[in-house]
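Dear colleague,

Please find the structure below, for your records and for our discussion. My notes on it follow directly after.

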Amino acid sequence: MKYINFISIIFLLLVLFSNSIFVKSKQCKIAVLLSGDFSDLGYNYQFNEARVKTESILKLTEFSLYYKNLDESEEQSEAAFKDAIEQGANLIVVASSGQTAMGLKYAKLYKDSDIYWIIKTSARPTDDLPKVAVLDFNTDRAHFTLGYFAGKMSKTGVVGFVSPGEYIASNGNAFYLGAKEARPNISFVTTFTGSWFNPEVAYKAAQMLISNGADFLGMSQDDMSVQKAVIDSGSLGLGVTGYPTRLVYGSANIGLSYITDWTEVFVKYASHVINNTWPASDYYKTSLNPGGSLLFDEYSYLVPQEIRDLVDAEINILKNESFTPFRCNPMYADIGFILDGNGCISYSDFEKNQQVLKGDKLSKTINFGTYTIPIEFVDYSSSMKLGITVTSSICIFLCIISIIIVLVFRTARIIKSASPAFLFLILMGCIIIFIGCIIFSQSPNEGTCRARVWLLSVGYTIFLGSLLVKNWRIWLLFDNPKLKKRSITNWKLYPWVAGILAVDVLILAFWQGLGNIRSESRIGIDSLTKYQYANVCSSNDQGSIALYILLVFHGIKLLVACFISFKIKVVDIDEFNESKPIASSVYIITFCLFIVIPLMVSPQSVASQVTTICVCAIVTTLISISLLFGSKFYKMITQGVGLNQTFASSSKSSSFSQSLEKKKTGEEDDSESSEENGKKAIIVTQQSVLAHFSSDTEDDVENEAQQIDEEKEEKENNDENNDITPLEENFEENNVSVVQSKRLSNQLNGEVEIDSNNV
Ligand SMILES: *[C@@H]1O[C@H](CO)[C@@H](O)[C@H](O)[C@H]1NC(C)=O
Ligand SMILES: *[C@@H]1O[C@H](CO)[C@@H](O)[C@H](O)[C@H]1NC(C)=O
């Protein structure tokens with residue numbers, strides 16, 4: 001008895017002890033592994049919602065976990081599994097087929113731990129993994145129903161389907177068969193996007209199907225782009241992501257949505273974990289029956305009652321699990337499948353099938369294959385083209401007017417003293433630059449790629465070369481300490497312009513010859529989308545080198561021009577005051593070149609690069625010719641044309657003399673400079689300049705002899721025929737100054753003096 005008592009007490013204690021374990025019910029900590037983001041209002045959203053709802057329905061004290069975007073990388077999924085297990089999750093839901101393999105691997109790894117799994121796969125559960133429940137998620141019935149709905153609703157008699165892969169999804173054929181069930185003469189169009197999530201492609205693919213007549217589209221896509229295209233086209237979209245999309249797009253836009261609701265599944269299996277009643281190797285298949293996770297949202301208010309009734313009836317029939325119209329159709333035989341006694345293909349054949357059903361006598365199908373967005377050519381903006389072309393054309397017109405004025409008034413004093421030939425060259429250069437700008441703004445092809453560089457470069461060379469050489473002459477004539485006579489006629493200057501032009505042409509020829517200049521189609525430049533391309537000019541490395549050499553060449557030309565402009569800025573005679581506008585022009589162009597060069601080498605949007613270059617070219621050229629010609633034309637208007645006059649008042653030449661005086665006084669030994677006899681000093685300087693002239697010329701002896709004669713002649717001329725009013729007291733001295741100035745003037749006019757140098 002004592003013994004028995006003792007045993008019974010121990011037994012009682014054991015029972016009490018074990019009871020206390022059982023009473024303290026097991027915790028369930030859920031972890032959900034999602035392929036994408038739960039903000040997708042679709043598949044992932046629905047799974048996450050189920051997790052949240054289950055947590056509150058079962059009042060789980062262990063907060064559940066979620067892991068998102070696991071489709072992005074293998075490492076991310078692996079880390080999610082490890083973390084979930086580490087954090088003590090004991091009900092792990094693998095929601096996406098992307099993680100199925102890894103889920104099974106971990107389930108095997110932890111099969112002896114107290115961890116339960118819900119894994120999405122269509123494979124049957126295996127006995128060696130009793131803690132895994134298979135979630136067989138199938139939407140073929142839902143798609144069949146939506147197809148049926150579309151067939152009933154379609155006004156065009158054409159419906160379509162957008163598949164995610166490289167071939168039609170099995171759901172696509174289900175959708176078609178549903179539509180055909182509703183309307184035997186329905187037409188079916190289909191295309192594949194190659195991706196579950198590519199809104200741009202999906203939208204355009206849908207637009208393509210719509211343009212082929214479809215007014216209802218089914219889809220297997222992770223986002224609503226296809227349906228947005230349908231809604232945008234004015235028809236009703238379908239909710240095909242498992243979320244009641246009516247709540248987002250409105251009842252007026254969504255005809256019908258199917259909904260996936262996983263809450264019941266989650267609650268069911270979480271309760272099994274808590275109550276320790278887990279069914280070994282369970283298999284859960286979605287269905288339209290209550291608790292089957294698949295259901296339909298309410299209809300759009302635009303759907304007529306008779307269609308609602310028909311669709312409801314169809315849904316009721318589809319609740320019969322044995323009724324599988326989506327895989328039972330003679331059309332499957334047409335594409336090579338063997339039908340069983342009931343006229344059906346096997347479930348696995350249905351899933352494996354990659355072909356679009358061929359249709360029959362009443363109904364035809366069109367397969368558009370994989371859809372790729374046609375790549376679209378993007379030209380420079382038409383406003384830019386137009387702006388540059390119009391501006392340049394106006395400038396060219398102004399240039400032509402100027403040329404006419406220069407030609408007509410070539411004997412006018414002011415034009416003559418600025419040498420009409422050079423003015424003509426400058427204007428021609430400008431016209432070439434403006435034509436270059438127009439071509440620059442055109443969309444690149446091989447011709448324009450070459451022409452634009454040629455025109456701009458040659459234009460600038462003629463323009464700047466002429467300015468440079470003109471200035472150079474002034475410099476040579478005036479910056480001449482011993483005042484030696486020097487004769488520099490236009491004909492002596494042309495070879496220099498031609499020489500500069502020749503260098504330019506040489507570099508350009510090198511650039512074109514070796515550079516392999518071509519127009520290339522590029523994607524991914526500027527603000528182009530993935531599906532747009534633009535043409536750009538390109539060349540090989542040698543071409544780039546030549547282009548840099550060309551830039552350096554223009555740069556040197558500009559710097560030399562700047563230097564000469566700086567040197568002659570003391571020249572203050574009205575006739576030669578062209579040096580000022582020339583200097584301004586050169587400075588502006590130099591400044592612009594410093595903007596353009598960094599632009600050429602820095603990564604810039606092609607269009608803005610072109611715009612900047614063109615605007616720089618137009619603005620600098622326009623300002624330059626305005627400065628050069630505007631003042632001349634203005635003077636011609638205000639001071640009279642002065643045909644056949646070549647020289648100005650002596651006051652101007654004396655101001656030149658003064659500047660020379662300032663420069664020379666104190667430097668020259670023989671200049672007796674003082675406040676009182678300043679004028680004398682000027683003359684002395686002038687004479688010394690004259691003296692210097694002769695030794696500098698090539699044929700010194702002859703020249704000097706001739707010069708003396710000329711000077712005598714000129715003195716005589718001046719004595720007789722004075723358009724100069726001498727203000728100075730010393731007539732003789734003043735005459736010397738006048739003679740010198742007149743000679744300079746004549747030379748600048750391009751008039752050939754009697755000089756052995758010219759012979
Ligand atoms: C297709 O069938 C429907 C009735 O189901 C009919 O109203 C329609 O005219 C038919 N269309 C064609 C092109 O035969
Ligand atoms: C379910 O569908 C099968 C196959 O179409 C059919 O034989 C069976 O009678 C249906 N059951 C019910 C209850 O309608």
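Please bear in mind throughout that this is a predicted model. I begin with one pair of residues in a sheet, then widen the view to that sheet, and end with the cysteines.

**The sheet**

Ile259 has Leu295 of strand S12 as its bridge partner. Strand S10, which covers residues 254-260, is joined to S12 by 3 bridges, and these two strands run antiparallel. As general background, the strands of a sheet pair through backbone hydrogen bonds, in either a parallel or an antiparallel manner.

S10 and S12 belong to an open sheet of 3 strands, in the order S9-S10-S12, and the pairing in this sheet is mixed. Strand S9 (237-242) and strand S12 (294-296) stand at the edges; each has a single partner strand, so one side of each is left without a neighbour in the sheet. From one strand to the next, the twist averages 15°.

A helix accompanies this sheet. Helix H5, residues 140-153, lies across S9, S10 and S12, and runs at about 170° to S10.

Thr260 is also found in strand S10. Is Thr260 buried or exposed? With a relative accessibility of 1%, Thr260 counts as buried. Apart from neighbours within four places in sequence, Thr260 is in contact with Gln46, Phe137, Gly242, Ser293 and Leu294.

**The disulfides**

How many disulfides does a search of the whole structure find? The search finds 2. In general terms, a disulfide is a covalent bond between the sulfur atoms of two cysteines.

One of them joins Cys328 to Cys344, with an S to S distance of 1.7 Å. The link of Cys328 and Cys344 is right-handed, with 100° about the S-S bond. Cys328 lies in the loop between helix H11 (305-318) and helix H12 (331-334), while Cys344 lies in the loop between H12 and helix H13 (347-352), so the pair ties together parts that are 16 residues apart in sequence. Cys328 counts as partly exposed at 22% relative accessibility, whereas Cys344 is buried, at 8% relative accessible area.

Another disulfide is formed by Cys449 and Cys537, whose sulfur atoms are 1.9 Å apart. The torsion about the S-S bond of Cys449 and Cys537 is about -95°, so this disulfide is left-handed. Cys449 is in helix H17 (residues 446-478) and Cys537 is in strand S16 (residues 532-538); the pair therefore ties together parts that are 88 residues apart in sequence. Cys449 is buried, with a relative accessible area of 1%, while Cys537 counts as partly exposed at 26% relative accessibility.

When the bonded cysteines of the protein are numbered in sequence order, the pairing reads 1-2, 3-4.

**Cysteines outside the disulfides**

Cys430 takes part in no disulfide; the nearest cysteine sulfur belongs to Cys399 and is 5.0 Å away. Cys430 is buried, with a relative accessible area of 0%.

Why does the sulfur of Cys437 form no bond with the closest cysteine sulfur, in Cys614? The two sulfurs are 4.7 Å apart, which is too far for a bond, because a disulfide requires the sulfur atoms to be within 2.5 Å. Cys437 counts as buried, at 0% relative accessibility.

With kind regards

Conventions. Residues numbered from 1 in each chain as written. Chains lettered and ligands numbered in written order. Predicted model: local features only at pLDDT ≥ 70, side-chain atom pairs only at ≥ 80, totals over all residues. Heavy atoms only, no water. Pairing = 2+ DSSP bridges. Helix = DSSP H or I, 4+ residues; strand = E, 2+ residues; numbered from the N terminus. Axes fitted to C-alpha atoms, helices over the stretch in contact; angles between N-to-C directions. Contact = heavy atoms within 4.5 Å. Buried < 20%, exposed > 50% of the residue type's maximum accessible area, 1.4 Å probe, protein only.
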